[in-house]
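Here are some friendly notes to read alongside the coordinates. I have set them out as numbered points, beginning with charged side chains and ending with an overall look at one chain.

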Amino acid sequence: MKTIIVTGGTRGIGRAIVDMLVAKFKQNVPAVAQTRLVVTYRSGVAQADALAAELKDLGIDADIQQMDLADLSSVTAFVQHVTQTYGKADALINNAGMTNDGSFLAMADADVASLIHTNLNGTIALTEQMVPLLQQAGCSSVIFMASAAGVYGKEGQVPYATTKGGIIGYSQLLARRYGRQRMYINAVAPGFIATDMVTALDPAMFEHTLNNASIGSMGTPADVANVVHSLLTPGYIQATTIKVDGGHLR
Amino acid sequence: MSDLFINSNGIIPQSLLERLQAAGRECHVLELPEHTDGAAIVRQHFEQLSNEGRYYHNIYLDLTGGFNELAEFTADAVTAMQRLELRLTEVLKALKYGSQHLARADGGRIWVLCYDHSVNYSVASPSNPITNNAVIAAVQSIAKEVARFDVSVNVFLIHPPKESVTNDSWKQAKQSLKVYGMKYKPQPVQHIAELLQMYAGLKNLTTTGGIIPVGSGIAAGNI
Amino acid sequence: MNFSRNEILDFVVNSIFLDRLELADDGYSAEDFSEETLILSEQGLGLDSVDVLDLLVGIEKKYQFKPIEIDSTFIDEVCASIGSVIDMVQSRMKIAA
Ligand SMILES: NC(=O)c1ccc[n+]([C@@H]2O[C@H](COP(=O)([O-])OP(=O)(O)OC[C@H]3O[C@@H](n4cnc5c(N)ncnc54)[C@H](OP(=O)(O)O)[C@@H]3O)[C@@H](O)[C@H]2O)c1
């Protein structure tokens, strides 16, 4: 039985990843019985309950757990739960994340710190603690949800871009350490994707970015989920960051 | 108008500092003690400076000395993470207060010095992919915000100089990099400093948000 | 030194908004501005926090203020309208005098 972990999987891109995996399992019926989905959320209980109910209707017995990346004891408790219940992890999809936007020169220290704690330290802490479980699987995948901002920078998102750049760097560091143990480690860098994170923004923040992409419109969570899914199959893609940005400035 | 070095212990900032001073430039140094809250020191420094009405033109932020993420994470991830957080908070503070300072001075330049972590595959040099990628994304982002104040922010991504690695390590690298007879030729620190000095001396700087590679091109390529 | 509200208004409108922030290019002229003009709100000029930094740094230089501690709460309060900016400038002048 395989164990696949999706953090922040109850809405947005994470939810699309869960939906994609479920659709694939359904196409290949034995996979439903052979895979266990572990999905985390931070505070959105209603969405978590809705996901649990939907998956149950589909005959999938998913394990939905509350975990706050910004709280190390919560991260540790989650890893303990996975250790005790499954004893290994075949894939860790580090999707959960947040943003605080605005002029960096005027940004409050607390807004910078919460980004570092959640997107960077929280993600790293979770991954470091999961390493023994990934090793236990024999062959495993780790995927990080970075951001186009972490690849080429974005005004109004200085600390967010810093954390996402950091995550890209961490994927390279992790690959240096475990690449020879059949651990496949990559990052995905979405551009603007239609989720709560983006609809909360002032359109002036992203209109020019959309106009500067050859596709010219926003991506969907499913576009990102497709790429994540393809990275779950072991191969020769390693320590790479795949941009899913509609051809930004290209 | 003078220049500031935030951390100057590494051999590259040392060499650059000597060259700038020899050329008659006034340079100041702000050392951030390792593993302490350097962010507060940076803030205080720029506050005091503004009160005195003194302004810098070039601000160097040296990240080539004193840490090696690959080694730190391999030894003890928890400590490595704590250090990473301190370091990135320090860098962000330096970028923030440095940019504000230069904006008030009608413009100026911030230069971040990093070692290219790819070189670690060939020689025993620091491998800091997290800090490098984080800092590059930060610089690319803030450069867009402060260009209007004539503040430019760039990163030098530098292959470690000859003097920073043992001869044996270079020899080994040379032997293993025999592709088509190409042999790795490390750069003396003086030559690297000469290049950085040239950038500092440009009257009009037409690059910001740039990642400026400094090396002989063998290992670069993962940024 | 003391500046009247009108002098400050004139500086903010002509030197900062029309010239430095190039609002003249967007079709604005001096008559479009008054103390009631909203700066950040979409109902007004709809400027963002980066634009507002230009305004604050410009004010610091013009009136030779000590650096203003620029944070997001300060921006929201002080930069709501041109009138609130003028209030801030005048209150700082009292401190400086
Ligand atoms: N949308 C985009 O355009 C875009 C672009 C580039 C990168 N990304 C990245 O893609 C990922 C997903 O983004 P999204 O747009 O789907 O975001 P979203 O709609 O805001 O969803 C974020 C998810 O992460 C969880 N989360 C937030 N903070 C957390 C914390 N401290 N600990 C644990 N979980 C936390 C949320 O849980 P709750 O529901 O409980 O709050 C939610 O499930 C993020 O890493 C984001 O940075 C998004």
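1. Let me start with C:Arg20, which is partly exposed at a relative accessible area of 39%. Please keep in mind that this is a predicted model. The side chain of C:Arg20 forms a salt bridge with that of C:Asp54, with an N to O distance of 3.0 Å. C:Arg20 belongs to helix α1 (residues 5-20) of chain C and C:Asp54 to helix α2 of the chain, so this pair ties together parts that lie 34 residues apart in sequence.

2. Is C:Asp54 buried or exposed? C:Asp54 has a relative accessible area of 3%, so with the limit for buried set at under 20%, C:Asp54 counts as buried. The contact between C:Asp54 and C:Arg20 is also part of something wider: salt bridges with shared partners link B:Arg148, C:Arg20, C:Asp51 and C:Asp54 into one network.

3. Which residue of chain C does the side chain of B:Arg104 meet in a salt bridge? The partner is C:Glu60, at 2.6 Å from N to O. B:Arg104 sits in helix α4 (residues 77-104) of chain B, while C:Glu60 sits in helix α2 (residues 49-63) of chain C, so the pair joins two chains. Both B:Arg104 and C:Glu60 are buried.

4. Within chain B, have a look at B:Arg54 and B:Glu52, whose side chains form a salt bridge at 3.0 Å, N to O. B:Arg54 is partly exposed at 31% relative accessibility, and B:Glu52 is partly exposed too, at 42%. For the overall tally, the count over all chains comes to 19 salt bridges.

5. Turning to chain A, you will find ten helices and seven strands. Its radius of gyration is 17 Å, close to the 18 Å that the globule rule gives for 250 residues, so chain A is as compact as a globular protein of that length. The C-alpha trace of chain A spans about 50 × 40 × 35 Å along its principal axes.

6. How much of chain A is buried? Of its 250 residues, 56% count as buried. Among the contacts in chain A with a separation of 6 or more, 78% come from residues 24 or more positions apart.

7. Finally, the surface and charges of chain A. About 9900 Å² is exposed, and carbon and sulfur atoms supply 53% of that area. Chain A has 17 positive and 19 negative charges, and the mean positions of the two sets are 12 Å apart.

How values were computed: Residues are numbered from 1 along each chain as its sequence is written. Chains are lettered from A and ligands numbered from 1 in the order in which they are written. This is a predicted model: local features need pLDDT of at least 70, side-chain atom pairs count only at pLDDT 80 or more; totals for chains, interfaces and linings use all residues. Side-chain values use heavy atoms; hydrogens and water are left out. A salt bridge is a side-chain nitrogen of Lys or Arg within 4 Å of a carboxyl oxygen of Asp or Glu. Buried means under 20% relative accessible area, exposed over 50%, partly exposed in between (1.4 Å probe, protein chains only). Helices (H or I, at least four residues) and strands (E, at least two) are DSSP runs, numbered from the N terminus. The radius of gyration is taken over C-alpha atoms; the globule rule is 2.2 Å times the number of residues to the power 0.38. Contact means heavy atoms within 4.5 Å. Accessible areas come from the Shrake-Rupley method with a 1.4 Å probe; for residues, only the protein chains shown count as cover. Lys and Arg count as positive and Asp and Glu as negative; His and the chain ends are not counted. The place of a charge is taken as NZ of Lys, CZ of Arg, CG of Asp or CD of Glu.
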